[in-house]
Structure formats: C-alpha cells, structure tokens
Number of protein chains: 2
Amino acid sequence: MQRAKQQLTVLQALDAADGPLSARELWSRLSGTGVGLATVYRALQRGVEEGMLESVELLGGGVRYEPRNREHHHYFLCSSCDHAFDLFGCVEGLESLVPDGFQMTRHEVVLLGTCDACANAG
Amino acid sequence: MQRAKQQLTVLQALDAADGPLSARELWSRLSGTGVGLATVYRALQRGVEEGMLESVELLGGGVRYEPRNREHHHYFLCSSCDHAFDLFGCVEGLESLVPDGFQMTRHEVVLLGTCDACANAG
DNA sequence: CGATAACTGAGAATCGAGTATCATCTCTCC
DNA sequence: GGAGAGATGATACTCGATTCTCAGTTATCG
C-alpha cells in the first residue's frame with residue numbers, strides 16, 4: 001500500500017546521507033521536490049516512533065536523525081560546513097574515566113575539525 | 001578598583017562548580033543574591049571576551065561555561081539531573097578514526113548516564 | 001558635594017526550532 | 001465517479017534562550 005510518498009522521499013534521502021542530518025539540512029537537500037518542512041518533521045517523527053530512525057544530539061544544539069540500522073559509531077563534525085559524518089570504530093579506556101558511584105549507560109565521541117571537501121576548498 | 005561586584009559573584013560561582021554551567025543553572029545557584037539573569041549573561045559574555053571563561057557545547061543544546069584554566073578534560077552528563085561533571089583524563093585511539101583528508105583540531109567525549117547523587121536518590 | 005561613567009535588574013523584544021492548524025490533494029475501495 | 005482516510009504544504013503559533021532597553025544605583029574623581 002503505497003502511501004506517504006513524500007515521507008518515503010525523506011527517508012530515502014536520509015538513507016543516502018553519509019551522516020546524521022538535521023531537519024533543516026534534510027529539507028534543503030529536498031528543495032526542488034516541493035516537500036514542505038512540516039512534512040520533513042512529520043516523517044522524522046514517525047520514523048523515530050516506528051523504530052527505523054534514531055535521533056542524535058551532537059555538540060551545538062540541533063537534533064539530527066539517521067537510520068537505526070547502523071553499527072555503533074561516532075561522528076566527525078566539520079566546523080566549516082557544519083555537516084556531521086559517520087565514523088565507524090570506537091575508542092578504548094572510557095570506563096576508567098567514570099567516577100565512583102556514577103553509572104555510564106552510553107557515550108558519545110565527537111571529533112571536530114575540517115572535512116575533506118572544506119579543507120580542499122580553502 | 002572594585003567595580004562590577006555582581007559580575008565577580010557570577011565568576012566565583014562558576015569557579016566553585018564541579019563542571020560547566022549553563023546561564024540558567026548558574027542563575028539558579030545565585031538565587032538569593034538578587035543577581036539578575038541579564039547580569040549573568042553579561043558576565044559570561046564578558047568572561048569569554050576577556051579570555052577567562054570558555055563556552056562549552058555538549059549534547060542536548062544549551063551552551064555551558066567554565067573557567068578556561070582547567071586541564072584538558074571531558075564530561076559526564078547526568079540524564080537525570082542534566083548536570084555536567086568534569087572528568088579528568090582522556091582516551092586513546094582517536095586519530096585512527098579520522099578519515100583520510102579530514103583534519104581533526106579538537107575532540108569531545110561525553111559519557112552519559114546517572115550521577116552518584118541521582119543513582120542513590122532512586 | 002556634584003558630574004560622569006560603569007553596572008544593574010526587570011521586563012520587553014527578538015530569534016530559531018519545532019508544532020499545530022487547515023484547506024487541499026491523492027489514494028483506495030467500492 | 002464518489003466517499004472517506006490519510007498525506008501534504010503553507011503558514012500561524014508556541015516556547016525557550018538570549019539580547020536589548022531603560023531607568024535607577026553605585027563607584028570614582030575632583
């Protein structure tokens with residue numbers, strides 16, 4: 001039952017991305033398709049509810065979204081274009097940082113700097 | 001020349017904290033001193049301009065501030081009380097995550113979970 | 001004691017992100 | 001074709017964070 005055509009468009013754009021996208025970022029990638037911002041938000045919200053998307057919060061505020069079916073990974077945030085890239089792999093020694101009595105359930109590692117494209121663009 | 005009494009109050013409260021504080025968080029710690037929210041923002045802004053404070057962005061949005069004269073460290077963010085705690089120490093193996101062509105200038109590690117106090121409070 | 005400049009608190013104004021509303025459109029099923 | 005449910009885009013709206021404004025204070029210096 002092919003319904004929610006625009007929602008599919010939104011989810012496909014997210015699948016094609018190389019990192020989590022914010023609603024606005026996603027919307028701008030869909031300019032030309034006529035998809036409205038409200039629809040982007042609706043598609044994201046539903047995607048999360050239905051378990052196929054995951055919301056990700058990185059430094060700097062905004063919430064970004066990405067498909068849930070990706071392995072454990074972290075992010076590289078380009079300070080020039082503000083895009084977040086997935087980084088597969090993880091790091092060692094996190095447990096030793098946790099103070100006594102604290103319970104760690106999750107961790108987030110964000111590398112900051114300049115991405116390939118921005119570095120070459122000057 | 002003792003001027004800016006309230007600004008000193010603000011900076012001292014920040015020095016006494018065990019982690020970076022948001023403007024609101026700081027303000028609520030100063031309730032009773034009569035310091036206004038606008039003054040907190042002014043003091044923070046000036047502190048950053050004059051190089052004694054540093055603004056820190058963690059997951060979830062808000063900007064937090066802390067004195068600049070602290071060693072390299074990371075944070076534990078309690079998902080219950082939303083307070084951020086400084087964690088001294090660092091991790092290994094970050095460089096290996098950086099993709100070819102990308103330039104890493106900084107990194108941020110955030111552990112999430114429950115702090116001592118909240119874990120005991122239930 | 002004035003004069004002046006910096007500081008302050010309260011509340012208004014602004015800004016952006018996200019949400020709600022509503023008239024319209026598009027399927028699906030008969 | 002017609003009815004009904006769900007989907008859509010534009011836009012108004014809400015909400016919280018931050019900044020601006022302004023009148024009243026306070027410190028400094030003669």
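Strand 6 (residues 103-114) of chain A and strand 6 of chain B run antiparallel to each other, joined over 11 bridges. Keep in mind that this is a predicted model. Here's a quick tour: the seam between the protein chains, then the surfaces around the two DNA strands, then the build of chain A.

**Where the chains meet**

- In that strand pairing, Val109(A) sits opposite Val109(B), which belongs to strand 6 of chain B.
- Counting contacts across the interface, 33 residues of chain B touch 34 residues of chain A.
- On the chain B side, strand 4 (73-78), strand 6 (103-114) and helix 4 (116-121) are the elements that put in two or more residues.
- Strand 6 of chain B has the largest share of that side, with 12 residues.
- By class, the chain B side splits into 16 nonpolar, 12 polar and five charged residues.

**Around DNA strand C**

- DNA strand C has 18 residues around it, and the closest are Ala38(A), Gln6(B), Gly36(B), Ala38(B) and Thr39(B).
- Both chains pitch in here: helix 3 (37-49) of chain A gives two or more residues to this surface, and so do helix 1 (5-16) and helix 3 (37-49) of chain B.
- The class split for this surface is eight nonpolar, eight polar and two charged residues.

**Around DNA strand D**

- For DNA strand D the count is 22 residues, with Gln6(A), Gly36(A), Ala38(A), Thr39(A) and Ala38(B) coming nearest.
- At least two residues each come from helix 1 (5-16) and helix 3 of chain A, and likewise from helix 2 (23-29) and helix 3 of chain B.
- This surface breaks down into nine nonpolar, nine polar and four charged residues.
- Ala38(A) and Ala38(B) turn up among the closest residues for DNA strand C and again among the nearest for DNA strand D.

**How chain A is put together**

- Chain A has four helices and six strands.
- Going along the sequence, the order in chain A is α-β-α-α-β-β-β-β-β-α.
- If you want rough dimensions, the C-alpha trace of chain A spans about 50 × 40 × 20 Å along its principal axes.
- As for burial, 30% of the 122 residues of chain A count as buried.
- Among the contacts in chain A with a separation of 6 or more, 50% link residues 24 or more positions apart.

How values were computed: Residues are numbered from 1 along each chain as its sequence is written. Chains are lettered from A and ligands numbered from 1 in the order in which they are written. This is a predicted model: local features need pLDDT of at least 70, side-chain atom pairs count only at pLDDT 80 or more; totals for chains, interfaces and linings use all residues. A residue is near a molecule or strand if its C-beta atom, placed from the backbone, lies within 6 Å of it. Ala, Val, Leu, Ile, Met, Phe, Trp, Tyr, Cys and Pro count as nonpolar, Asp, Glu, Lys and Arg as charged, and the others, Gly among them, as polar. Two residues are in contact if their C-beta atoms, placed from the backbone, lie within 7 Å. Two strands pair if DSSP finds at least two bridges between them. A residue is buried if 20 or more other C-beta atoms lie within 10 Å of its own, exposed if 12 or fewer, and partly exposed in between; C-beta atoms are placed from the backbone.
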